[in-house]
Each structure stands twice: as C-alpha cells, then as structure tokens.
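Here are my notes on the model you sent over, written as numbered points. Have the structure open while you read, since most of them are about particular side chains.

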Amino acid sequence: MSETILVIDDDADLRELVTFALTESGYQVVEAPDGPAGISQYRVHQPDLVVLDIGLGSMDGLAVCRQLRAIGTTPIVFLTSRAEEVDQLIGFAAGADDYVAKPFPPRLLVARIGSVLQRGRGADMVKTRFEVGPLTLDAEARVATANSVELDLTRTEFELLSILMENPRRVVTRSMLLERAWGSWYGDDHVVDVHMSRLRTKVKAASNLHIGVSVRGVGYKLGVDSTS
Amino acid sequence: MSHPVTPVESDGMQAFISARQSDILHRSIEVVRDCPDDQLGAELHRLAGRLGTFQLLDAYDLVRDLESVVASGDPSLVSAARADSLAKLQAMAITGALESGAGA
C-alpha cells in the first residue's frame with residue numbers, strides 16, 4: 001500500500017500542485033485548507049508524512065506543528081515563503097523534519113519528502129532500543145541504564161527518558177513530553193519540569209551524568225554531560 | 001535577478017503547470033490592483049511564491065521588486081510602483097493570451 005501524505009496549505013493553487021506531484025509519484029494524498037482541518041484529517045487518516053505551510057490563516061503552521069507533535073511523531077515538512085534562517089530555526093524547534101522554501105520545483109519537494117520518509121523507515125527498524133553515549137534504553141524490556149547502572153525509574157520518568165533518547169538531537173517540546181508521559185493533560189505544564197528534575201536527580205545519583213537540557217520556552221533536549 | 005526554480009519536471013507536471021499559468025497570472029493582476037495597502041506586502045510575498053512555483057518567472061521578478069518597494073514604506077513610491085507593475089502584468093497576460101491563441 002502506498003504511503004499517505006497530508007498536505008495542509010491555504011493556497012488552493014499550490015495545494016493542488018503539490019497533490020498532483022505527489023499523486024504522480026505514487027503517494028496517496030489527503031488535503032486540508034487550514035490548521036484545524038489539517039489536525040482533524042491527521043487524526044482520521046494517520047498519514048505517513050505531513051506537508052505543512054507555515055503561513056496559514058488564523059492558526060499558523062508553527063502552532064499546527066506543535067499540536068501534531070503532541071499527537072505523534074509523523075515527519076513534518078514545512079512548505080513556506082518564509083525562507084529566512086530564523087524561521088527555519090523556529091520551524092525545527094517546533095518539530096519540523098525538513099523545510100522547502102517557496103517558490104520550489106515540485107520535483108525537489110517530492111525528492112525531499114522521499115528522503116524524509118526513507119529516514120523514518122530506517123528509524124522504525126531500531127525503535128525499541130536506544131543508545132546515546134553512556135545511556136541505553138530498551139523500550140520492550142523497560143530497562144534503562146546510565147554508565148551500565150540500571151536506573152530505577154517510574155513509568156513517567158521512563159517515558160520522558162524514552163522520548164528524549166528517541167530524539168537525541170532535537171528539542172522535544174513540552175507538549176510532546178506531556179502527551180507521551182501523561183496523555184491528555186489540561187493542567188500546568190510545569191509538571192514536566194518537576195518530573196524532569198526527578199529524572200535528572202536519579203540519573204545523576206546512579207551515574208554522575210547530567211542529562212536533560214532545558215530550552216527556555218520550548219522544552220528539553222537530551223544532552224549528556226559527565227563533567228558537571 | 002536569478003530565478004530560484006529550474007523547470008525540470010515531468011511531462012504531466014509541466015502540462016499541469018502550463019494549463020494554470022494564465023489563470024494564476026490574471027488573479028495576480030487582481031491582487032496587485034485591488035489589495036488594500038496594509039495587506040499588500042504579505043499578499044505579494046504569498047503571490048511571489050505561487051508565481052515562481054508555477055514558473056511565471058518574469059511576473060515573479062516583478063512582484064518581488066514591488067514587494068521590496070512596499071517594504072521600503074514610502075507611500076508615493078509604492079503607488080507609482082504598483083501602477084507600473086500592474087501595467088506590466090497586464091501586458092504579460094495579453095502577450096501570453098496571444099501566444100496561447102497563436103499556438104492553438
């Protein structure tokens with residue numbers, strides 16, 4: 001079965017063009033003209049990848065990206081006319097996997113999408129065991145170690161460590177951490193800080209490693225430092 | 001100005017793009033003519049992305065130039081540049097229609 005791509009763009013001409021290019025390349029395509037419709041389509045179709053315009057109307061693409069990241073880890077490729085570097089950085093911080101600036105040759109977009117999907121397929125093959133520096137985590141056995149010392153973690157702490165180790169070079173947003181560790185959460189998101197602090201303390205006590213670097217206003221990245 | 005799009009597409013995509021160019025160019029004229037001043041910069045930015053992707057490269061250059069003038073913030077310059085751009089876009093649409101008719 002072919003992979004499904006969700007295209008969220010309020011420009012009907014470009015949405016139609018992207019759909020044509022992807023369909024021509026063998027993908028199934030679902031379209032949405034705005035953020036709320038895109039999130040709704042995402043829940044219904046569970047696409048393999050999302051092409052997301054940053055410059056959407058009332059709910060911009062960055063907000064949509066954060067919501068999608070809270071729901072799942074589906075790759076997201078931003079399609080945008082905001083090509084400045086700072087916007088790219090913001091896009092990646094929000095959880096984007098790649099970035100294509102308008103105007104773009106459709107072939108380039110299809111190639112970038114193929115590349116991101118390929119990386120995802122590779123990641124799927126090793127998704128239950130993770131090793132980052134002196135940290136290891138086996139999601140099936142529910143065992144995590146630091147410097148070969150097994151960590152005594154609660155379920156929440158294990159989930160927080162899992163998501164950080166699955167994304168070792170990415171900033172993981174608070175909403176992603178909340179969704180993963182708590183599911184639907186309607187309270188203060190500082191609960192993340194509390195549990196992250198406990199996780200850090202346990203890792204530090206067991207192995208003298210410092211993990212979990214706070215990125216102000218966004219979330220955390222793994223970071224493993226044995227010098228502090 | 002260098003163009004960011006290299007039109008190396010499949011025959012199907014090339015036909016798809018060609019079939020829509022005239023309509024997109026005419027709607028671009030409407031944007032340049034009718035868009036309120038306070039929304040013009042943002043609309044031109046979006047429009048440039050669409051024109052470039054649909055390989056309307058002369059119109060893309062024109063709109064990017066107008067966008068630069070709008071960004072400068074001088075109302076008298078904007079008004080003159082807007083009128084000039086509108087005339088040039090209309091000429092492109094007429095030329096395109098004639099070429100399309102000649103080729104039909």
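1. Let's start with the charged pairs. This is a predicted model, and over all chains the count comes to 20 salt bridges. A good one to pull up is R46(B) with D10(A), where the side chains meet at 3.3 Å, N to O. That pair crosses between chains: R46(B) sits in helix α2 (residues 37–53) of chain B, while D10(A) is in the loop between β1 (4–8) and α1 (12–24) of chain A.

2. Are those two partners buried, exposed or partly exposed? R46(B) is partly exposed, with a relative accessible area of 25%. D10(A) has a relative accessibility of 27%, so it counts as partly exposed too.

3. Next, look within chain A. The side chains of E31(A) and R15(A) form a salt bridge at 3.0 Å, N to O. This pair links distant parts of the chain, with E31(A) in strand β2 (residues 28–32) and R15(A) in helix α1, 16 residues apart. The two ends are not alike in accessibility. E31(A) comes out at 34%, so it is partly exposed. R15(A) has 14% relative accessibility and therefore counts as buried, the cut-off being under 20%.

4. Back to the contact between the chains for R20(B) and E16(A). Their closest N and O atoms are 3.2 Å apart, and they form a salt bridge. Here the link runs from helix α1 (residues 11–34) of chain B to helix α1 of chain A. R20(B) is partly exposed at 25% relative accessibility, and E16(A) is partly exposed at 36%. There is also a network to trace on screen: salt bridges that share partners join D11(A), D13(A), D23(B), R27(B) and R50(B).

5. How much area do chain B and chain A bury between them? The figure is about 1,700 Å², with 58% of it on carbon and sulfur atoms. Chain B puts 21 residues into the contact and chain A puts in 18.

6. What about the polar side of that interface? Five salt bridges are found across it. D13(A) and R50(B) form a salt bridge, with their side chains meeting at 3.7 Å, N to O. Counting residue pairs in polar contact between chain B and chain A gives seven. On the chain B side, α1 and α2 each supply at least two of the residues that touch chain A, and α1(B) gives the most, with seven residues. By class, that side of chain B has nine nonpolar, seven polar and five charged residues.

7. Now for an acidic residue worth a look: D53(A), in strand β3 (residues 49–53) of chain A. Its relative accessible area is 3%, so D53(A) is buried. The side chain of D53(A) reaches the backbone nitrogen of G55(A) at 3.4 Å. Which residues does D53(A) contact, leaving aside its neighbours within four places in sequence? They are I8(A), D9(A), D10(A), G61(A), L79(A), T80(A) and K102(A). Note that D10(A) turns up again here, having already appeared as the salt-bridge partner of R46(B).

8. On to the nonpolar packing. The largest nonpolar core has 46 residues, and the members touching the most others are I5(A) and I113(A). Chain B has a part in this core as well, with α1(B) giving the most, eight residues. If you centre the view on I113(A), you should find it touching I5(A), L22(A), Y27(A), L49(A), V51(A) and V77(A), not counting residues up to four places away in sequence. There is also a second, separate core of 28 residues, which includes F130(A), V132(A), I163(A) and V172(A).

9. Last, some overall numbers for chain A. Its secondary structure comes to eight helices and twelve strands. Of its 228 residues, 48% count as buried. Among contacts in chain A between residues at least 6 apart in sequence, 55% join residues at least 24 apart.

Key: Residues are numbered from 1 along each chain as its sequence is written. Chains are lettered from A and ligands numbered from 1 in the order in which they are written. This is a predicted model: local features need pLDDT of at least 70, side-chain atom pairs count only at pLDDT 80 or more; totals for chains, interfaces and linings use all residues. Side-chain values use heavy atoms; hydrogens and water are left out. A salt bridge is a side-chain nitrogen of Lys or Arg within 4 Å of a carboxyl oxygen of Asp or Glu. Helices (H or I, at least four residues) and strands (E, at least two) are DSSP runs, numbered from the N terminus. Buried means under 20% relative accessible area, exposed over 50%, partly exposed in between (1.4 Å probe, protein chains only). Contact means heavy atoms within 4.5 Å. Buried area is the accessible area (1.4 Å probe) that two parts lose on being put together, summed over both. A polar contact is a pair of N or O atoms within 3.5 Å; within protein, one must be able to donate a hydrogen and the other to accept it, and residues adjacent in sequence count only if both atoms are side-chain atoms. Ala, Val, Leu, Ile, Met, Phe, Trp, Tyr, Cys and Pro count as nonpolar, Asp, Glu, Lys and Arg as charged, and the others, Gly among them, as polar. A nonpolar core is a set of buried Ala, Val, Leu, Ile, Met, Phe, Trp, Tyr and Cys residues joined through side-chain atoms within 4.5 Å.
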